[in-house]
2 protein chains.
Amino acid sequence: MLPVVTPINERARPRRRNRTRQRQRLLEILRSTDCHPTAASLYEAVRVDSPRLSLGTVYRNLDVLASDGEIEAVPCTDGAVRYDGNVEPHHHFICDRCDEIEDLELSLPRGLAARLRREHGLTPCRVRIDFSGLCRECTDLLPNPT
Amino acid sequence: MLPVVTPINERARPRRRNRTRQRQRLLEILRSTDCHPTAASLYEAVRVDSPRLSLGTVYRNLDVLASDGEIEAVPCTDGAVRYDGNVEPHHHFICDRCDEIEDLELSLPRGLAARLRREHGLTPCRVRIDFSGLCRECTDLLPNPT
DNA sequence: TCCAAAAATAGGAATAATTCGCAAAAATTC
DNA sequence: GAATTTTTGCGAATTATTCCTATTTTTGGA
Ligand SMILES: [Mn+2]
Ligand SMILES: [Mn+2]
Ligand SMILES: [Zn+2]
Ligand SMILES: [Zn+2]
């Protein structure tokens with residue numbers, strides 16, 4: 001049974017949020033790259049300096065950061081979840097071959113949200129456009145571009 | 001190590017493809033609804049008539065149907081994978097509260113694919129636009145539309 | 001600076017979704 | 001209908017993620 005009203009992305013929060021080295025490091029890494037790492041690769045990255053880090057903490061903190069709007073979870077076509085330190089509205093190109101995710105600065109389809117509300121009774125709060133196909137590198141690998 | 005060229009969605013196929021009751025039933029169900037069921041719910045649905053069906057067979061056949069282009073896998077924001085019997089190009093509205101998926105017949109952003117190729121060197125073969133927010137039903141449940 | 005309360009952690013167990021391996025069954029071709 | 005190939009059911013294995021809990025860390029106030 002679904003709750004009558006579930007404010008989006010809002011789980012029961014603790015009164016305050018402590019500053020922990022683990023959480024800060026994750027955010028730092030995510031902000032310093034334009035890659036879209038997985039939980040596992042973030043785990044590896046942080047463990048170089050802090051080998052005591054546990055994987056559960058990574059998942060917990062990624063959830064926390066995401067519900068605080070500090071990062072964004074990007075569910076990929078192959079079922080994997082990747083994380084994005086760039087919370088500015090933008091879209092993605094996901095390569096079908098190497099699964100790399102590339103940020104796209106593209107203007108949103110104009111007026112689509114308004115049309116959705118007017119014509120469909122839908123209240124969109126986010127639009128995610130994923131283009132998939134072959135990235136530049138993978139395109140170049142193809143022997144015979146038919 | 002990635003293979004140099006991986007034709008998209010093409011795995012090693014058997015020489016021929018047999019017609020099996022299990023596979024046909026799955027396709028039948030997916031074509032007869034505009035819902036986007038999960039593997040588990042398809043399993044339940046088929047098992048009403050064929051209790052011997054195994055879950056592995058469901059997953060195997062969904063993969064087969066998807067690589068044959070008969071159905072489409074829809075990875076959702078919550079990490080779940082849903083399946084779509086409608087392979088005509090269309091987009092989705094995914095409700096943040098009830099996770100229902102609604103088909104959207106919306107014209108594609110014009111010229112975006114061409115721009116991607118020209119300006120970014122990307123070769124898109126598919127564009128997926130997921131709108132998320134609240135569906136009509138869930139919008140109506142909100143007590144105070146602020 | 002020390003304390004008490006709350007929040008977060010490590011580590012491990014538990015879950016859930018999906019995949020794999022294989023002998024038996026079903027489908028197809030001849 | 002026999003031979004060949006595909007597919008199935010079943011259970012085990014894998015993977016990603018979540019849950020549990022005792023311990024540690026953080027924090028705001030005395
Ligand atoms: Mn991004
Ligand atoms: Mn659909
Ligand atoms: Zn690529
Ligand atoms: Zn809804």
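Student: Against which elements of chain B do the buried residues of α1(B) pack?
Tutor: In this predicted model, helix α1 of chain B spans residues 21-31, and its buried residues are B:Arg23, B:Leu26, B:Leu27, B:Ile29 and B:Leu30. The elements of chain B against which they pack are α2 (39-49), α3 (55-67) and β2 (81-84).

Student: Why do the buried residues of α1(B) lie on the same side of the helix?
Tutor: An α-helix has 3.6 residues a turn, so residues three or four places apart point the same way. B:Arg23, B:Leu26, B:Leu27, B:Ile29 and B:Leu30 are the buried residues in question. They lie on the same side of α1(B) because they cover an arc around the axis of only 160 degrees.

Student: Which exposed residues does the face of α1(B) turned away from its buried side carry?
Tutor: The buried side includes B:Leu26 and B:Leu30. The face turned away from that side carries the exposed residues B:Arg21 and B:Arg31.

Student: How far is a phosphate oxygen of DNA strand D from an N or O atom in the side chain of B:Arg23?
Tutor: B:Arg23 is buried in α1(B), and this residue is also among those that come nearest to DNA strand D. The distance between a side-chain N or O atom of B:Arg23 and a phosphate oxygen of the strand is 2.7 Å.

Student: Which element gives the largest share of the surface near DNA strand D?
Tutor: Elements that give two or more residues to this surface are α3 (55-67) of chain A, together with α1 and α3 of chain B. The largest share, 3 residues, comes from α3(B).

Methods: Residues numbered from 1 in each chain as written. Chains lettered and ligands numbered in written order. Predicted model: local features only at pLDDT ≥ 70, side-chain atom pairs only at ≥ 80, totals over all residues. Heavy atoms only, no water. Buried < 20%, exposed > 50% of the residue type's maximum accessible area, 1.4 Å probe, protein only. Helix = DSSP H or I, 4+ residues; strand = E, 2+ residues; numbered from the N terminus. Arc of directions from axis to C-beta. Contact = heavy atoms within 4.5 Å. Near = heavy atom within 4 Å. Polar contact = N/O pair within 3.5 Å; in protein donor to acceptor, adjacent residues only side chain to side chain.
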